[in-house]
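Here is a short briefing to read alongside your viewer. Have the model open and follow the topics in whatever order suits you.

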Amino acid sequence: MQRSTRTLISVDLTRSARSQPVLHNRWHPDLLPVASVHPGEVFRVECVDWTGGQIANNDSAEDVLNVDLTQVHYLSGPIQVEGAEPGDYLEVEILEIQPLQGHEWGYTGIFDVKNGGSFLFDYFPRAAKVIWDFEGIYASSRHIPGVRFAGLIHPGILGTAPSQELLNKWNHREADLLATDPDRVPPLAYLPDHKGSFLGALENNPGVARRIAVEAARSVPPREHGGNCDIKNLSRGSKVWLPVYVPGAKLSVGDLHFSQGDGEISFCGGIEMAGAITLKTKLIKGGMALHGNLRNPIFMPGPVEPRFSKYISFQGISVDEHGVQHHLDATLSYKQAVLNCIDYFKRFGYTGEQIYLLLSSCPCEGRVNAIVDVPNACCSISIPTEIFDFDVTPKNGGHLVKITTNCPVQALPAKL
């Protein structure tokens, strides 16, 4: 007889995220567990979208323009894993991920430059948004015509709580980095900020919540404990081994994506959704020392992913758009590959915003192809040709398909 899976955490999408103590949006060792599991137990966790419901299913980018980023990311948890102790490895197996019933849609956005910007903020400074509709494993959008693909569904964030020592290390090193260029857009780092913080069950004790909020780490980057890794291949059937820093591990999960391209380049870049994830945990006692005290988690991709046989790839090198040579700059090389891809697809009638958002959300492949051939790093981005309902390969003459665009880009001028 098949056992029913216990729903460990439930959310209510009709209520404010800030009224639900099973959620939190900061990392701290003193967060209170909202549930507990035994190793080997299969359990289900419901999650709101990463903004806590700030983005609507409509044809306006006003909500992306005005989103409150001090609140993100809303995570479900923490979950206490019985028997977990500092120095262990927590093995987490992802068994299933699905949109919540009645909410079979998601979104991808570009943040306005005045609200943090994105990877290509200097080219796309205005807020934009596309809505995706889900049909089983497939996603399509009324805002990017001619495209349909199977998603590689995954959690953007999966992590354990930091120890106080590790939390202090994060805050010090990120503050040192931010101080080198405090006015940069996008910012070099997001430091602890009590504004917008939500600490789950601790909110019932305002004095403790205020004390913790001033040092609790933002959830924006990946760190030693896992966190916001946005690894698209960490999908169904995958396993991840997370280091344990506090008793009980205090596991949290959220930022679910129906699909994503390598790099999640538009920042609000996967197909963001509310959903449910089914997990199973296992403890490897003393696992951190046994496996070489690695500084970051380990993961193993699962066996379930879309199969594409044909890709079109675009290369980039460490020469910027002004013709200036840089030394083995892989980030710049990837940026140039993305810009080359966007320019290519504009010839079919797409806007730059549409292709930028598509590259951030479809299961495209990013690669560091060469990092030794001075002075140029070579990076590439490969997009599956099968996701389009027309031929997108280069041709000598012939009929060129033109797409009618419908991308909800914010009409307000950007304030650079």
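**Backbone features, helix packing and empty space**

His73 sits in the loop between helix 1 (62-65) and strand 5 (75-81). Please keep in mind that this is a predicted model. His73 is a good place to begin, since a cis peptide bond joins Val72 and His73. From there the briefing moves on to other backbone features, a helix pair, a cavity and a pocket.

**Backbone**

- The cis peptide bond between Val72 and His73 has an omega of about 0°.
- Another cis peptide bond links Val374 and Pro375, with omega at about 5°.
- Pro375 belongs to the loop between strand 20 (365-370) and strand 21 (378-384).
- Asp255 is not a glycine, yet its phi is positive, at about 55°.
- You will find Asp255 in strand 15 (residues 251-257).

**Helix 5 and helix 6**

- Two packed helices are described by the angle between their axes and the distance between the axes.
- For helix 5 (residues 330-346) and helix 6 (residues 352-361), the axes come within 9 Å and the crossing angle is roughly 130°.
- Angles from 65 to 115 degrees count as roughly perpendicular and those over 145 as roughly antiparallel, so helix 5 and helix 6 are oblique to each other.
- The crossing of helix 5 past helix 6 is right-handed.
- On the helix 5 side, the contact is made by Val338, Cys341, Ile342, Phe345 and Lys346.
- On the helix 6 side, their partners are Gly352, Ile355, Tyr356 and Leu359.
- By class, the residues of this contact between helix 5 and helix 6 are seven nonpolar, one polar and one charged.

**The cavity**

- Rolling a probe the size of a water molecule over the atoms shows where empty space is left.
- Searching the whole structure turns up one cavity of 30 Å³ or more.
- The largest cavity holds about 40 Å³ of space.
- Its lining consists of Trp50, Leu69, Val72, Tyr190, Arg218, Val220 and Phe267.
- Val72, one of these lining residues, is also joined to His73 by the cis peptide bond.
- Six residues of the cavity lining are nonpolar, none is polar and one is charged.

**The largest pocket**

- The volume of the largest pocket is about 1200 Å³.
- The largest pocket is lined by 38 residues, and those closest to its centre are Phe119, Arg184, Pro186, Pro187 and Gly263.
- Sorted by class, the pocket lining comprises 17 nonpolar, nine polar and twelve charged residues.
- Helix 2 (164-179), strand 16 (267-272) and helix 5 each contribute at least two residues to the lining of the largest pocket.
- Which element gives the most to the lining of the largest pocket? Helix 5 does, with four residues.
- Helix 5 therefore deserves a second look: helix 5 is oblique to helix 6, and helix 5 also supplies part of the pocket lining.

How values were computed
Residues numbered from 1 in each chain as written. Predicted model: local features only at pLDDT ≥ 70, side-chain atom pairs only at ≥ 80, totals over all residues. Heavy atoms only, no water. Axes fitted to C-alpha atoms, helices over the stretch in contact; angles between N-to-C directions. Parallel < 35°, antiparallel > 145°, perpendicular 65-115°, else oblique. Left-handed = near helix turned anticlockwise from the far one by under 90°. Contact = heavy atoms within 4.5 Å. Nonpolar A, V, L, I, M, F, W, Y, C, P; charged D, E, K, R; others polar. 1 Å grid on protein atoms, 1.4 Å probe; cavity = no way out; pocket = protein on both sides within 12 Å on 5 of 7 lines; lining within 4 Å. Points joined across faces, edges and corners; volume = space filled by probe spheres on them.
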